[in-house]
Amino acid sequence: MSLLFPPRVTKPGRAAAALASLALLLGVMLEPAAFGQETSTRIENNDPSVIYRGTWSVVQESRASGGSFHQARSAGAAVTYTFTGPFVTWVFSKGPNRGIARVIIDGQVREENFDLYAPTEQFQQSFTWGGMQGDASHTIRIEVTGTRNGLSTDTFVDVDAFLVI
C-alpha cells in the first residue's frame, strides 16, 4: 500500500503546540500528555514559589501528590504560582465537602465556577490550560469563591500541586 503523503517526523512538542492552538481556537481544552509531551515539572503545594493569601491549612494525606495539600474555605483566599511554559496543570482533590474556585491566568478569568464537588473523595485530579507563549512568564491564580454546589456540604478548595509542561 502506498501513502499519498510521506510520513513526516516532527520534534516532540511541535504537534502538541499546534494541537493546543487549534483546541483554543475551537474552545476546547486538551490534555497535553495525550500529544506525547513527556517532560513536565511538578511543583508541590508546599514549594516556596507557591504563594498563599488568606487562611489556608495544610492537610497531611498519603493519597495527595506529595503527601499533603493546602486547603481553604473562606472567600478571597487565593494561591498564585508563576511559571514559564505553554501549559499549566492544577492538581487538586474533589470531594463531598469541596466548593467552587475561580481560575485566573495572566489576569484573564479562565474558569469562573470551577466545581470541585464529587460524591466521594478523589485525589490527584487535574485540569490543564494551554496555548500560552512557552518562553514567557505566566501566573496562575486559584481563588476560593466561598460558594458551593448544592450537593456539597462545604466550600473547601484544595491545591495539591502544579505541573508545568
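Strand β2 (residues 50–53) of this predicted model shows a neat alternation of side chains. V50 and Y52 point to one face and are buried, while I51 and R53 point to the other face and are not. The strand is joined to β5 by four bridges, and the two run antiparallel. Within that pairing, T80 in β5 is the bridge partner of I51, and Y52 stands opposite V79.

The pairing of β2 with β5 belongs to an open sheet of five strands, ordered β2-β5-β10-β7-β8, with antiparallel pairing. At its edges stand β2 and β8 (108–115), each with a single partner strand, so one side of each has no neighbour in the sheet. Direction ignored, neighbouring strands here are turned by 20 degrees against each other on average.

There is also an open sheet of four strands, again antiparallel, and its order is β1-β12-β6-β9. Its edge strands are β1 (41–44) and β9 (122–129), each of which pairs on one side only. From one strand to the next, the twist averages 25 degrees. At the β1 end, that strand and β12 (residues 161–164) pair in the antiparallel sense over four bridges. One of the residues involved is I43, whose bridge partner in β12 is F162.

F162 turns up again in the interior of the model. The largest nonpolar core has 26 residues, and F162 is among those with the most contacts inside it, together with W90, I140 and I142. Two or more residues of this core come from each of β2, β5, β6 (88–94), β7 (100–105), β10 (137–144), β11 and β12. As a rule, nonpolar side chains in soluble globular proteins tend to be buried together.

Not everything buried is nonpolar, though, and D158 is a case in point: its relative accessible area is 0%. D158 sits in strand β11 (residues 157–159). Why does D158 count as buried? The cut-off for buried is under 20% relative accessible area, and D158 is buried because its value is 0%. Its side chain has polar partners: a polar contact of 2.2 Å joins it to the side chain of S93, and another, of 2.7 Å, is made with the side chain of R98. Leaving aside neighbours within four places in sequence, D158 is also in contact with F69, H70, Q71, W90, F92 and L116, as well as with S93 and R98 themselves. W90, one of these contacts of D158, is also one of the residues with the most contacts inside the largest core.

G76 gives the opposite picture as far as exposure goes. This glycine lies in the loop between β4 (68–72) and β5 (78–84). G76 is exposed because its relative accessible area is 55%, and the cut-off for exposed is over 50%. In sequence, G76 and T145 are 69 residues apart, yet in space their C-alpha atoms are 6.4 Å apart.

As for confidence, the mean pLDDT of the protein is 85, and 77% of its residues reach 70 or more. Residues 1–35 are another matter, since pLDDT stays under 50 over that stretch. The model does have 24 contacts beyond four places in sequence for residues 1–35. Where pLDDT is low, however, the predicted coordinates should not be read in detail.

Definitions and conventions
Residues numbered from 1 in each chain as written. Predicted model: local features only at pLDDT ≥ 70, side-chain atom pairs only at ≥ 80, totals over all residues. Heavy atoms only, no water. Buried < 20%, exposed > 50% of the residue type's maximum accessible area, 1.4 Å probe, protein only. Polar contact = N/O pair within 3.5 Å; in protein donor to acceptor, adjacent residues only side chain to side chain. Contact = heavy atoms within 4.5 Å. Pairing = 2+ DSSP bridges. Axes fitted to C-alpha atoms, helices over the stretch in contact; angles between N-to-C directions. Core = buried A, V, L, I, M, F, W, Y, C linked by side-chain atoms within 4.5 Å. pLDDT = per-residue confidence, 0-100.
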